[in-house]
Structure formats: structure tokens, C-alpha cells
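Dear colleague,

Please find below the structure that I am handing over to you. I should be grateful if you would keep it open while you read the notes that follow.

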Amino acid sequence: ILLCPLHHGFVDKKELEAEYPTVLLRGYKKAHEDHVRAMTGTERKDRTTALRMVGQIRDHLVAISDADVRSAVFAHEERYVDEIIDIDIGTIPDAAGSAYIETARTKILSELRYRILPQIQDGTIRRLSVFALSRIPLLCELGYGIGDKVDVELYQHHRAPIEGWKWQPNGARVPFEIVEHVRGDDCDASRVAVLLAVSGGDVEKIQGSSRAKSVYVVRPSGVDPTRTLVSSPTTLEEFRSAYQGLLSRIEKEHRHAVGVDLFLAAPAPVAFIAGRDVARDVVPDVVIHDLVNGQYVAVSVLKTRTAVAFAPSERAPVVTPSLS
């Protein structure tokens, strides 16, 4: 076994022979050879491109190392990461207002339009493994911008039982349900409100930001929403199925709605799915609300009924009078 001079100095010492027996060193060697064999033996179809987006969250920036990305992808997908593409919005100061959201959103859309989507269209990128931590409206924008043009695998930062980005092999599968709240006749029947209550959520807080008569809540079935609820990709699948069902329901039962007010108390992958699965030219424009100082505020709009979805200059400004 070939080691660097420093560690040869350790393992070759007679007095340390009991700490570094032959069987241990051979185990190290085999593990390393197996890892290299797996990395170099993967075919093109068994590879992926990692997309890493990190932004400030209330002036706090979380880093995601290359090693964390590659390790999490190989553990879950058994794929080699060809390239890690960064959308860096961490340098934009988070002022918790609409100006920050607009600046960061413009940066995201520009990166998608000029760097990422062309590679998806020409087949250079065939699969994306997404690692993202930022404000919820920006995660929705990222998902909406990527859409269904490429296969996507989502990752989440876990705090328990082990902190990191790897999905837990024994993570629970949690189903979701849709609960409808119908408000009084003085509310606006032309709007629909949706609360994604995955990690929390308070229906009463919505009343100050949306006058929609119909309020739909997507929540875990049989258990309370918690920050650690999403511990497996299967739970994301359950959420996505319920969410897509709700969007179809809105399409059928609210054909004349002029807009959907979207509220999220959810982890990053759920916010990504919430934007990605919005159907263009089918569902009304989606107004994303962000929690600012304990209250929901309309900060971003997914323009679903427009031919061009990615040009920042063609985004309509957020209009709030009809929401309050």
C-alpha cells in the first residue's frame, strides 16, 4: 500500500503496529479502490450535473461544499457528478424586501437563460441534481424556470438524525391531504389561495394578505407539520402527487380565477416543486408570498400566461391592491 511520507511514518513504526494491523490497511486500500472503480467506471448515462444555489437567508449564508454534493449524489443516485454549476446569489445583501427578491430573481433567470437552459436543450445536461438554500420565492422561481425540461433529483439539508445533505435510507414516507376552507361571501371568488403547510403554517395569517374565498391547505396526513417532516425522497413524491392534484382541481373548479395566492411553510425542495409544477397557460398567474416580520407579503409573480417565461424584463411587477 502506497501512502504519503507522513502517514508511512505512522503505519511503519513498530510501536504502532497494533493500531495499524495489516487487515485494517488492506481494508482502507480496498475501500479506496472500490470508490475509484465506481467513479471512473460510470457511463455517461450514469452521470449527472449538480446545480448549487446558495443565497442569504436573513443575513445568514450556508455553504455547500463540493465534497458534500458529490457524496450525497453518489449515496442516493449512485451517479458521478460531471460538473457543479453555481448560481451564486449569496453576494446580494438580503434586505428582506421586494427589492432583494427582484435583484436575486433577475440573477437566477439570467443564469438559467444563458448558462443552463441552452445546455439542457442541446443535451449537454441530461439530468440535474439540485442543492439549493435561499428564500422561498427564489426557490419557486428556480423550479419554475427549469420546469419539466430535464430530469431532476432534489436534495435537502438535514439537521437530524445526522446533519448533512444525504437522504436517510430509512426516512419515512409521509402522505399528504388537501383541506379546503371556504370563507364568507365578502371575499374574492376570482382568486384562490394555497397554503403548503409542510413544516408549519397558519391559515389565519393568510387572511391579511389574500381575500380569496377558497383557501386550500396541502398538509401531511395524520401527523403535524414539522421542520424535519421531509426525511426521504418518497415524501417529496407524496407531496408532489397531492400538489399536482390540487393544481388540476383549481384548473377545473376555478376556470375563471384571475390569480392564485401561494403561501409556503416548507423546506427548500418543496418550494422548488411548487414552482416547477405550475402549468404554463393553464393555471392563473401565481403570486408568491414571503413571510416578513411574521406577516405574509406578496413579493413575486410567476407569469403563467405569457409566451416568454425567462426574460426578467418581461416580468410584470407585483400588484398588491387586489390582495389586501
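How many nonpolar, polar and charged residues does the lining of the largest pocket have, by class? There are 16 nonpolar, 11 polar and eight charged residues in that lining. Please bear in mind throughout that the model is predicted.

**The two pockets**

The largest pocket has a volume of about 1100 Å³. Its lining is made up of 35 residues, and those nearest the centre of the pocket are S199, R227, A266, P267 and A268. Two or more lining residues come from each of the elements α5 (136-146), β9 (259-265), α8 (268-276) and β10 (286-292). Of the elements, β10 gives the most to this lining, namely three residues.

The second largest pocket has a volume of about 250 Å³. Among the residues that line the second largest pocket are V152, W167, P233, R240 and D277. Here the elements that supply two or more lining residues are β5 (151-155), α7 (233-253) and α8. The largest share, four residues, is that of α7. By class, this lining divides into six nonpolar and five charged residues, with no polar ones.

**Strand β4 and its partner**

I would next draw your attention to strand β4, which covers residues 127-133. Seven of its seven residues are buried, and therefore the strand is largely enclosed by the rest of the structure. In a regular strand, side chains alternate between the two faces of the sheet. You can follow the two directions in β4: R127, S129, F131 and L133 point one way, while L128, V130 and A132 point the other way. The residues on both sides are buried.

Strand β4 pairs with β5 in the parallel sense, over five bridges. Within this pairing, L128 has V152 of β5 as its bridge partner. Between the two strands the chain passes through α5, and the resulting β-α-β crossover is right-handed. Two of these residues and elements also appear in the pockets: V152 belongs to the lining of the second largest pocket, and α5 gives residues to the lining of the largest pocket.

**Residue V54**

Is V54 buried or exposed? It counts as buried, because its relative accessibility is 12% and the cut-off for buried is under 20%. V54 is found in strand β1 (residues 47-57). In sequence, V54 and D88 are 34 residues apart, yet their C-alpha atoms are 5.9 Å apart in space. Leaving aside neighbours within four places in sequence, V54 is in contact with several residues, including L61, I64, I87, D88 and L133. The last of these, L133, is one of the residues of β4 described above.

**Two residues with positive phi**

Most residues other than glycine have a negative phi. Two residues are worth viewing with this in mind. E78 has a phi near 55 degrees, a positive value in a residue that is not glycine. This residue sits in the loop between α3 (66-77) and β3 (80-89). With a relative accessible area of 59%, E78 is exposed.

N293 is not a glycine either, and its phi is positive, at about 55 degrees. The loop that holds N293 runs between β10 and β11 (295-302). N293 is exposed, with a relative accessible area of 80%. The preceding strand, β10, is the element that gives the most to the lining of the largest pocket.

Yours sincerely,
A colleague

Note on methods. Residues numbered from 1 in each chain as written. Predicted model: local features only at pLDDT ≥ 70, side-chain atom pairs only at ≥ 80, totals over all residues. Heavy atoms only, no water. 1 Å grid on protein atoms, 1.4 Å probe; cavity = no way out; pocket = protein on both sides within 12 Å on 5 of 7 lines; lining within 4 Å. Points joined across faces, edges and corners; volume = space filled by probe spheres on them. Nonpolar A, V, L, I, M, F, W, Y, C, P; charged D, E, K, R; others polar. Buried < 20%, exposed > 50% of the residue type's maximum accessible area, 1.4 Å probe, protein only. Pairing = 2+ DSSP bridges. Right-handed = clockwise from strand over helix to strand, strands pointing away. Contact = heavy atoms within 4.5 Å.
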